[in-house]
Amino acid sequence: MNLARVFFLLVVCATPFGLARAEAPSTPRFKAVAFDYFVLFDANSVIPAVEAAYPGKGAEFTKLWRAKQFEYCFLRSLTGRHADFFEVTGDALAYAAEAMKLDLPPEKRDRLLSAYLTLTPWPDTLDALRRLKAAGVRVITLANFSGRMLQANAERAGLGGYFDELLSTEVNKTYKPDPAAYALGPQRLKLAKEEILFAAFGSWDAYGAKAFGYPTIWVNRFGLPAEKLGLAPDKTVPDMKGLLELVLGRS
């Protein structure tokens, strides 16, 4: 081999192209990721609407409203009295207003409920979904949100095309952490649960998914302490970077 040829090969291997080939990504560790919706959409993006309705009480009201939403889901699951999550959200809203001794006329109620149809995606959501889809990873939701709520938020944010399915637990009239709710993932994807990474927003959801048998990552957006239930997720991260590293082996 002449010196010119050797020089050419050395230059090519030293270029970004050459490095990219040497660092080609490995096969994803999971065939699919099942997301709770609040991993993708900011739960606190309803606060401005609440603050406009109740000046000075936006954060406090939102916290109570959200807590009551999920408390009602748990109670309805235990008593076998399932209802559409949007209806549950309305009931939780009415409770929060009454508990805080605030008025809730129909027009204000409708305006506040619509905030749950217009949530804001987290800043890293779009890029993460793009990377997962580009790597051939299937992406679904597995959320207590109703189908209407999932669809409305995805369409408004321009994210609909990144999901293989917007899957709601309403399909079998359950709510997480009921094992039957988590079972929807393997059923719909036709995959073993070990092939699906479950991405939880709430620590209680991470616990439920892990107890079901999913490999589980807790995307702890709010930096909260873990539940004291004797079972931990496989990994806890603050944002999507950690999730991408787990699934794809890179950020």
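L243 is a good place to start in this predicted model: leaving aside residues up to four places away in sequence, L243 touches F35, L132, L197, A199, I217, V219 and V237. L243 is also among the residues with the most contacts inside the largest nonpolar core, which has 60 residues. Around that core, the chain folds into 13 helices and six strands, and buried residues make up 45% of its 251 residues.

**Nonpolar cores**

- Alongside L243, the residues with the most contacts inside the largest core are F35, Y37, F61, W65, L132 and F145.
- Helix α6, spanning residues 85-99, gives the most to this core, with seven residues.
- A second core of 18 residues is separate from it and includes L167, A183, L191 and I196.
- As general background, nonpolar side chains in soluble globular proteins tend to be buried together.

**A buried lysine**

- Where does K176 sit? K176 is in the loop between β3 (165-168) and α10 (179-182).
- Is K176 buried or exposed? With a relative accessible area of 0%, K176 counts as buried, because the cut-off for that label is under 20%.
- The side chain of K176 has a polar contact of 2.7 Å with the side chain of D36.
- Not counting residues up to four places away in sequence, K176 touches D36, F74, L142, A143, N144, T169, A181, Y182, F198, W204 and D205.

**Aromatic pairs around Y182**

- How many aromatic pairs are there? The count comes to 21.
- One of them joins Y182 and F198, edge-to-face, with 5.6 Å centre to centre and 80 degrees between the planes.
- This pair links distant parts of the chain, with Y182 in helix α10 and F198 in strand β4 (residues 196-200), 16 residues apart.
- Both rings of the pair belong to buried residues, Y182 and F198.
- Y182 also pairs with Y214: the ring centres are 6.4 Å apart and the planes are at 75 degrees, so this pair is edge-to-face.
- Y214 lies in the loop between α12 (203-212) and β5 (216-219) while Y182 is in helix α10, so the pair ties together parts that are 32 residues apart in sequence.
- Y214 is buried, as is Y182.
- Y182 and F198 also appear together in the list of residues that K176 touches, which ties this topic to the buried lysine.

**Charges over rings**

- The charged end of K68 sits over the ring of Y95, at 4.0 Å from the ring centre.
- R148 lies over the face of F86, 4.5 Å from the centre of that ring.

**The two sides of helix α7**

- Which residues of α7 (residues 106-114) are buried? Among its residues, K108, L112 and L113 are buried.
- Seen down the helix axis, the buried residues of α7 fall within an arc of 130 degrees, so they line one face.
- The face turned away from that buried side carries the exposed residues P106 and E107.
- What covers the buried residues of α7 includes α4 (47-53), α5 (58-79) and α6.
- Helix α6 therefore has two roles in this description: α6 is part of the cover over the buried residues of α7, and α6 gives the most to the largest core.

**Contacts along the chain**

- Among contacts in the chain with a separation of 6 or more, 64% are between residues 24 or more positions apart.

How values were computed. Residues are numbered from 1 along each chain as its sequence is written. This is a predicted model: local features need pLDDT of at least 70, side-chain atom pairs count only at pLDDT 80 or more; totals for chains, interfaces and linings use all residues. Side-chain values use heavy atoms; hydrogens and water are left out. A nonpolar core is a set of buried Ala, Val, Leu, Ile, Met, Phe, Trp, Tyr and Cys residues joined through side-chain atoms within 4.5 Å. Buried means under 20% relative accessible area, exposed over 50%, partly exposed in between (1.4 Å probe, protein chains only). Helices (H or I, at least four residues) and strands (E, at least two) are DSSP runs, numbered from the N terminus. Contact means heavy atoms within 4.5 Å. A polar contact is a pair of N or O atoms within 3.5 Å; within protein, one must be able to donate a hydrogen and the other to accept it, and residues adjacent in sequence count only if both atoms are side-chain atoms. Rings of Phe, Tyr and Trp (its six-membered ring) pair if their centres lie within 6.5 Å; planes under 30 degrees apart count as stacked, over 60 as edge-to-face and the rest as tilted. A charge sits over a ring if NZ of Lys or CZ of Arg is within 6 Å of the ring centre and within 35 degrees of the ring normal. The arc is that of the directions from the helix axis to the C-beta atoms.
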